[in-house]
Each structure stands twice: as C-alpha cells, then as structure tokens.
Amino acid sequence: MPQADRATGDPNEATRDGGPAAAPDEERLSLFVERFAADMVEAGMPRMAARVFGALLSSPEGVLTSAQLSGQLRISPAAVSGAIGYLVGITLVRREREPGSRRDRYRLHPDQWYEALTSRDARLVRWSDTVRDGIAMLGPGTPPARRMAETLEFFDFMRREMESLLSRWRAHREEVFGPAGPRPTDSA
C-alpha cells in the first residue's frame, strides 16, 4: 500500500529520515495561503473565506481560533467570523468549543472535499425542483423550457455521476491513507 508523506500528503514524496518535513517559515506559509486563496477565489469562493480556509488547511492540526486566524492573516475578528460562517455553510469547516473555554475554535471537516461535494447534491436537488417548476410554468414546448430541460438533465446527470465518483474516491482514499484516512497531525 502506498504511504503518503506526512508533511505533504504526497505518496511520492518523503523526507530523508521518513519523518515529517520541517515547518515552513512564516513568510513562505503566508505566500502559500495567499496563492491557495487566489486559486479558490478564481473558482468562486469569497476571498476572506478562501484565506481562512488556506490558513486552516496549512495549520499543523487543522484547527485554529479566531484570534489565531486574525493574527496570522492580519484581518479583523469580524472578517474571520464572516469567513467561518461561509465555510461552515458549505461544510468545509466546523465550529467547536475549546475544552474548558467559552472560545470557539474552527476545524477542517475530516473529509472536507467529500462533505462539500455531498452537500452540493442537496443543492442540485433543490435547483432541479426549481427548474422543473419553471418548465411546467413555461410549458414544455417553449424555447426557454427546452433550455431549462437541458439544465435539468445536466443537474440530474451530475447527481447520478457524483454518487459513483464519491464512492470511487472513498476507495482510493482508503488505499492511499488507510481506513481512517490522514490524521490531523499527519498534515502540514
């Protein structure tokens, strides 16, 4: 079974001693977070949410407090709060209490991409229902209804294919990382 490098998650990369790579310096980490955020923004994610997600993804445990995020990203607590609200809503991050404290901390969802795509299925169902209503309202033979029918077919196709794709992902993930998947301390 291929074993993923603990520092990068890359099964083809390992440090010389087989252990995790040294932590990146603050400047390199900041550059990564900003580059990752730019990629996410290009894909449609709000900028602040993308930066917060990048910071969480690159943190040693995948868990940070609002104060830590504010300090690392040099943003206000209100900006952190808005970003976290968005990330929680799309199931990439979850909010939890720090043990023995009233402070929240924010944790990457253990299988964040799988969860995010699974939540998209519910959106596709809702969008399909709305488009069906539009088709019925416009009359099936009209040009807008035909366009909507193609949209509906696309949504239905994506839902069917997504189930198969996510099943294959779970099998692949288990093959690469083992039954439990990567642990928080295994990521850099």
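Asp104 counts as partly exposed in this predicted model, at 23% relative accessibility. The side chain of Asp104 meets that of Arg95 in a salt bridge, with an N to O distance of 3.8 Å. Arg95 is likewise partly exposed, its relative accessible area being 42%. Asp104 also has a place in the strand pairing: within strand 3, Asp104 is the bridge partner of Arg97.

**Strands**

Strand 3 spans residues 104-108 and is joined to strand 1, residues 63-65, by three bridges. These two strands run antiparallel. One of the pairings on this side is between Thr65 and Arg105, the latter lying in strand 3. Strand 3 also pairs with strand 2, residues 93-97, over five bridges, again in the antiparallel sense. Strand 2 and strand 3 form a hairpin, and six residues lie between them. Gly100, in the turn of this hairpin, has a positive phi of about 75°.

**Salt bridges**

Side chains of opposite charge can pair when their charged atoms come close. The count of salt bridges in the model comes to ten. Three of them are set out below, each with the distance between N and O atoms.

| Basic residue | Acidic residue | N to O distance |
|---|---|---|
| Arg47 | Glu34 | 3.6 Å |
| Arg95 | Asp104 | 3.8 Å |
| Arg105 | Glu96 | 2.8 Å |

Arg105, already described as the strand 3 partner of Thr65, forms a salt bridge with Glu96, and their closest N and O atoms are 2.8 Å apart. Glu96 has a relative accessible area of 18%; because buried means under 20%, Glu96 falls in that class. Through salt bridges that share partners, Arg94, Glu96, Arg105 and Arg107 are joined into one network.

The salt bridge between Arg47 and Glu34 involves the helices, with an N to O distance of 3.6 Å. Arg47 lies in helix 2 (residues 47-57) and Glu34 in helix 1 (residues 26-42), so this pair ties together parts that are 13 residues apart in sequence. Both side chains belong to partly exposed residues: Arg47 has a relative accessible area of 46%, and Glu34 has one of 25%.

Conventions:
Residues numbered from 1 in each chain as written. Predicted model: local features only at pLDDT ≥ 70, side-chain atom pairs only at ≥ 80, totals over all residues. Heavy atoms only, no water. Salt bridge = Lys/Arg side-chain N within 4 Å of Asp/Glu carboxyl O. Helix = DSSP H or I, 4+ residues; strand = E, 2+ residues; numbered from the N terminus. Buried < 20%, exposed > 50% of the residue type's maximum accessible area, 1.4 Å probe, protein only. Pairing = 2+ DSSP bridges.
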